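Student: Could you take me on a close tour of the interior of this one? I'd like the cysteines, the ring contacts and any enclosed space in one connected story.

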Amino acid sequence: EDEDLGWKDGELLYTADWDYLYLSDEDAAAYPALAGTLDALNQQAASSGALWSEKLKEIVEEKTWGGDLGGYHGQYTQRNVVRRADQTVLSILHYMELDSIDNFESILLGTTNLDPATGRKLALADVFADPDALPALLAEQCQKDGLDMGGQEEKYFADCMARGDFRWVVGYQNVDFDFPVPELPPHILYAGSSLPVSLWYHDAPDQFREKFRSPPDQYVIKVDPQRPLEVDLDSRDGRKDCIYYGSSPGWLEIGVNDQWLSPLSEEELEFYGTFELYFVHLAEGKNLLYMNELSDNAYYTILVCSLEDMRLLENLWGMGFYEEFTEDGERRREVFTAPSSFTLYAMLEMLGTMWGTCEYQVDPATGLPAAKQPYFDLLNDNILTTRIPVEAAILPEETRESIPAGTQLSFLRTDCQSYVDMGTEDGREYRIFVDGSQWPATVNGIPADECFDGMLYTG
């Protein structure tokens, strides 16, 4: 994520931020062409962000009241929402939100469907067996959905596609299309005000290339608040389902078809910030919702719910999807796309406040995150200095040894219960035995702050 702030006479004039998408180092090495394509998309996002920042500055300056904005400021946001990410396709929705104080617009800028192996943008012919049949298929689906355009559906879709006035994105169960409704200008698709049509793999499998209509057994889809997610929760009931939600600090509502639900009471929600919502599909048809929350004090929480009965399965206090800040100030955050592997970030209280990461997978039996390793890798930059000799185990031998007073130690890892591994400047590693079940934490029965200088605490 990158951003730009505009000021005038000490007053905030506007904010602008835009997303970038990167592969992990491992995936970038395996898919170099895809990494290059994403770099090009990021450059386009940066150029677009700079352009809209200048436009927003001009718009807001024209709307100042006697040089005073009255406490308001303009805002530009460009977001990427990953719809599908596997070895077959990486598909992305690109949104723009523009708030020019007295006018708000949410615009679907475009979609991108990429072949991971080559980094090439997919054409309709790569996904559909007969692209020329699409207007008729879309018209037929419109009729099933109860949308009536006076019998002109097929012609309308054919005309839009001939002009390029449509967006399409490949999903796990279907391919979503967006067309401008006749009242809106061509080439501009307003999220929530477009004409959406979905073509489903299991309704007409012969119309799709085989590799696209054979998704993995489990996957994750982020639910965007500007665009309801169409899914088929149960292929046996003959009904397509829709998930939508709204969230702001202290408020969360989730819609499944025609029923609004919430896993928390109004009283409980008062203590929460804004949520992100993820639909998690597991093998054998189990469906879950993962909700990631970030409050004003940067304290993360993940809620895990059963979608069938909207029952709260677990509240993971102090945990969130991993993010980091680069040396250039970019905020980078892992995109949750696969139940089989994702990294969680946690705030831990052992030797002061510690921050760590651990790789997880969704347990198919419980639906909850299950650690794939027995420890958290620690991210703390602060150095501890022993105030007294501290008995510890030297690694990897695990023989007991006394760490001399005055030794500087950096954080390495912890099991969050009984030990913290720390390292010295000359490469030695020690396992320090900590009891964090009480406050203050103790090291070998001695209060931790009597053993170390340099411990930091939040809050």
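Tutor: Let's start with a working term: a residue counts as buried when its relative accessible area is under 20%, measured against a 1.4 Å probe and protein chains only. Keep in mind throughout that this is a predicted model.

With that cut-off, C160 is an easy call: its relative accessible area is 0%, so C160 is buried. Does C160 have a sulfur partner, and if not, why not? A disulfide needs two cysteine sulfurs within 2.5 Å, and the closest cysteine sulfur to that of C160 belongs to C142, 11 Å away, so the gap is too wide for a bond. C451 is also without a disulfide, its nearest cysteine sulfur being that of C416 at 20 Å. C451 is buried too, because its relative accessibility is just 1%. For the structure as a whole, the disulfide count is 0.

On to the rings. There are 25 aromatic pairs in total. One of them joins F157 and F179, whose ring centres sit 4.7 Å apart with 50° between the planes, making the pair tilted. F157 belongs to helix α5 (residues 153-163) and F179 to strand β7 (residues 174-179), so their contact ties together parts 22 residues apart in sequence. Both of these phenylalanines are buried. They also belong to a wider cluster linked by ring pairs, whose other members are F128, Y156, F166, F177, Y201 and F208.

A couple of rings have a lysine for company as well. The charged end of K240 sits over the ring of W200, 5.3 Å from the ring centre, while K55 lies over the face of W52 at 4.7 Å from the centre.

Now for the enclosed space. Searching the whole structure turns up 3 cavities of 30 Å³ or more, and the largest has a volume of about 70 Å³. Which residues line that largest cavity? They are R83, V169, V170, G171, Y172, Q173, N174, D176, I221, L229, E230 and V231. Strand β7, where we met F179, turns up again here: along with β6 (167-170) and β11 (229-231), β7 gives two or more residues to this lining. The biggest contributor is β11, with 3 residues. Chemically, the lining is a mix of 6 nonpolar, 3 polar and 3 charged residues.

Definitions and conventions
Residues are numbered from 1 along each chain as its sequence is written. This is a predicted model: local features need pLDDT of at least 70, side-chain atom pairs count only at pLDDT 80 or more; totals for chains, interfaces and linings use all residues. Side-chain values use heavy atoms; hydrogens and water are left out. Buried means under 20% relative accessible area, exposed over 50%, partly exposed in between (1.4 Å probe, protein chains only). Rings of Phe, Tyr and Trp (its six-membered ring) pair if their centres lie within 6.5 Å; planes under 30 degrees apart count as stacked, over 60 as edge-to-face and the rest as tilted. Helices (H or I, at least four residues) and strands (E, at least two) are DSSP runs, numbered from the N terminus. A charge sits over a ring if NZ of Lys or CZ of Arg is within 6 Å of the ring centre and within 35 degrees of the ring normal. On a 1 Å grid over the protein atoms alone, a cavity is a set of points where a 1.4 Å probe fits but cannot get out, and a pocket is an open set with protein on both sides within 12 Å along at least five of seven lines; lining residues have an atom within 4 Å of a point. Grid points are joined across faces, edges and corners, and a volume is the space filled by probe spheres set on the points. Ala, Val, Leu, Ile, Met, Phe, Trp, Tyr, Cys and Pro count as nonpolar, Asp, Glu, Lys and Arg as charged, and the others, Gly among them, as polar.
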